[in-house]
Amino acid sequence: MNISELVSRQKEAFRTGINRTYEKRKAHLQVFRSMISKHEKQLCEAINHDFGKPAFESYSTEIYVLLHEIDVQLKNLSKWMAPESVGGPVVTFPSKYVIHKQPLGTVLIISAWNYPVHLSLMPLAGSLAAGNTAVLKPSGLAPATSGLISKLIEQKFEPEVLTVVEGGIPETTELLQQPFDKIFFTGSTRVGKIVMKAAAEQLIPVTLELGGKSPAIVHKDANILVSAKRIMWGKTINAGQTCVAPDFAAVHQSQKKRFTEMAQKTLSGFFRDDYRPGINYTRIVNREHFNRLKKLMDGGRVLSGGSTNAESLFIEPTLMDAEWDDVIMQEEIFGPLLPVVSYNDENELIERLQFRPSPLALYLFTDDQHFQNKIFDNVPFGGGCVNDTITHLGNPNLPFGGVGESGMGTYHGKASFDTFSRPQSVLKKSFWPDPDIRYPPYNEKKLTWFKRLFS
Ligand code: NAD
């Protein structure tokens with residue numbers, strides 16, 4: 001089946017209600033869940049094969065989070081699907097008002113390589129729950145995982161409900177020409193713009209889950225050892241190839257020296273010079289990204305770390321001293337390099353952050369409530385943590401997504417169900433009463449009455 005036929009068949013299947021009822025959605029989610037839990041080991045092995053990710057990381061950040069998300073969708077499905085009654089104003093009295101949660105139709109999900117199970121299947125869970133049919137296009141940069149996901153979905157689902165198109169730019173370009181009812185894209189800001197342009201041609205709504213430079217701010221009152229541990233953990237899982245990794249640390253000048261000492265100490269404690277792929281530490285995905293990161297490292301001031309091996313695509317977690325205008329502070333790093341910049345004054349920090357593209361995440365290490373609120377109220381960012389990194393993703397009650405250059409729209413939990421549904425708002429009236437005031441011919445008397453009754 002070619003791509004255009006595939007999409008037509010899914011659209012036809014949607015029209016005939018293939019995934020519309022509660023029973024069908026529930027059954028599909030249950031099959032989806034058991035497909036993942038039965039093959040969790042193979043999925044972790046495929047990710048390890050693609051870029052040497054340790055099984056602990058694959059299980060905890062991909063499989064576990066995904067299974068939990070499906071459970072949340074299953075548990076809440078009937079409640080979220082139920083029509084919602086709302087109140088109304090005097091002007092439309094007497095009426096009832098109801099919001100039906102309708103599926104969107106046939107959706108396209110395009111995902112990134114760096115969490116290849118999580119980023120492909122988390123949105124699919126929301127899409128299935130919302131009653132859509134879907135085409136998934138995983139990243140070609142994690143081919144073993146993409147191949148396995150494709151095989152499993154083919155075994156478990158009719159292609160009219162759910163199917164996978166593997167590949168890279170040519171396949172995605174063709175998919176983007178199809179009349180989907182929604183596109184959910186995870187990837188870089190650069191490709192996000194290509195997707196949005198293509199979607200605009202057919203007025204297809206998009207959710208864009210993009211990247212950015214997420215700061216970790218360490219204030220003067222912070223517990224420096226704990227801050228260093230939590231920031232280095234966030235920076236080193238998946239070798240920093242995480243959309244919400246702390247990209248750089250902005251540390252209060254009075255704590256910078258101690259922070260870099262504690263960060264070095266933390267790294268020695270984490271790895272003890274044992275960077276075996278698949279056991280402790282992930283590899284860089286390919287030579288192109290390896291070269292990009294090496295260049296950033298070579299062009300900056302390394303404080304600790306800095307070893308590399310081009311053959312095995314290894315880059316050691318590396319701390320770097322930096323100024324706000326350095327090259328490494330311009331683009332998303334997406335690798336295990338942590339530049340540390342400093343600030344003296346809260347307002348100076350806020351101004352610097354305000355003039356940068358809005359990041360996907362922001363991490364704030366302080367117990368100072370006043371400072372926390374000042375940052376929240378003045379710096380736009382997608383989501384984040386106080387005194388931690390990354391773990392906000394683990395709570396499906398927190399909608400996840402970016403702002404500005406880091407994306408638009410949210411998902412996870414209820415936000416996923418809403419992202420893949422549309423509200424259909426209906427006013428219901430009986431035939432009686434039917435007052436004459438709203439109908440022509442109009443006159444001064446009617447206008448006076450209207451103002452008296454409804455103003
Ligand atoms: P990418 O933008 O290169 O690729 C994403 C998807 O787009 C892939 O499926 C790829 O095949 C496709 N693609 C690539 N070039 C294309 C083109 N020219 N035309 C059409 N399709 C194209 O991103 P990536 O390298 O896979 O992932 C890294 C980026 O994704 C980082 O910026 C990271 O921050 C971001 N990201 C964001 C999230 C999030 O949830 N917000 C999660 C993971 C990664």
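Here is a short chat between a visitor and a guide about this predicted model.

Visitor: Let's start big. Which domains does the domain assignment give for the chain?
Guide: The model is predicted, so take what follows as a reading of that model. The assignment has one domain in two segments and another in a single stretch. They are domain 1 (3-210 + 407-424) and domain 2 (215-401).

Visitor: And how many residues does the contact take from domain 1 and from domain 2?
Guide: The C-alpha centres of domain 1 and domain 2 lie 30 Å apart. Both domains put residues into the contact. The count is 26 from domain 1 and 23 from domain 2.

Visitor: What is the order of the strands in the seven-stranded open sheet?
Guide: Pairing in this sheet is mixed. One of its pairs is β15 (residues 361-365) with β16, parallel and joined by four bridges, with A361 standing opposite G383. Strand to strand, the twist averages 25°. The order reads β10-β13-β14-β9-β8-β15-β16.

Visitor: Which strands stand at the edges of that sheet?
Guide: Look for strands with a single partner, because one side of such a strand is left without a neighbour in the sheet. Two strands fit that description. They are β10 (301-304) and β16 (383-386).

Visitor: Which helix lies across β8, β14, β15 and β16?
Guide: The helix in question covers residues 369-378. Against β15, the angle is about 165°. That's helix α13.

Visitor: Over to β2. How many of its eight residues are buried?
Guide: Strand β2 (residues 96-103) has antiparallel partners: three bridges join it to β1 (residues 84-86), and eight join it to β18 (residues 421-428). Within those pairs, E84 stands opposite I99, and V98 stands opposite V426. The strand is mostly covered, and the buried count is six.

Visitor: Which residues touch the most other members of the largest nonpolar core?
Guide: This core has 112 residues, and its largest share, 10 residues, comes from helix α4 (residues 55-81). At least three of its residues come from each of domain 1 and domain 2. The residues touching the most other members are F32, I36, L121, I153 and F259.

Visitor: Take I36, then. What does I36 touch, leaving out residues up to four places away in sequence?
Guide: I36 is one of the core residues that touch the most other members, and L121, another of those, is among its contacts. The full set is L43, I63, L66, L67, I70 and L121.

Visitor: How many residues are in the other core, the one with L6 and L108?
Guide: That core lies apart from the largest one. Its members include L6, L108, V135 and V206. Its size is 18 residues.

Visitor: How far is the sulfur of C243 from the closest cysteine sulfur?
Guide: Both cysteines in this pair are buried, C243 at 19% relative accessible area and C385 at 10%. Still, the sulfurs are too far apart for a bond, so C385 is in no disulfide, and the disulfide count comes to zero. The distance is 12 Å.

Visitor: Where is V91 found, and which residues does V91 touch beyond four places in sequence?
Guide: V91 sits in the loop between β1 and β2 and is partly exposed, at 42% relative accessible area. V91 and F450 are 359 residues apart in sequence, yet 9.0 Å apart in space, C-alpha to C-alpha. The residues touched are F450 and F454.

Visitor: Which loop holds P94, at the cis bond from F93?
Guide: Most peptide bonds are trans. The bond from F93 to P94 is cis, with omega near -5°, and the one from P440 to P441 is also cis, with omega near 0°. P441 lies in the loop between β18 and α15 (444-454), while P94 is in the loop between β1 and β2.

Visitor: L203 and I390 both have a positive phi. Which is buried and which is exposed?
Guide: L203, phi about 50°, is in the loop between α8 (189-201) and β7 (206-209), and I390, phi near 70°, is in the loop between β16 and β17 (407-408). Buried means under 20% relative accessible area and exposed means over 50%. At 76%, L203 is exposed; at 9%, the buried one is I390.

Note on methods:
Residues numbered from 1 in each chain as written. Predicted model: local features only at pLDDT ≥ 70, side-chain atom pairs only at ≥ 80, totals over all residues. Heavy atoms only, no water. Buried < 20%, exposed > 50% of the residue type's maximum accessible area, 1.4 Å probe, protein only. Pairing = 2+ DSSP bridges. Axes fitted to C-alpha atoms, helices over the stretch in contact; angles between N-to-C directions. Contact = heavy atoms within 4.5 Å. Core = buried A, V, L, I, M, F, W, Y, C linked by side-chain atoms within 4.5 Å. Domains from an automatic or database assignment. Disulfide = S-S within 2.5 Å.
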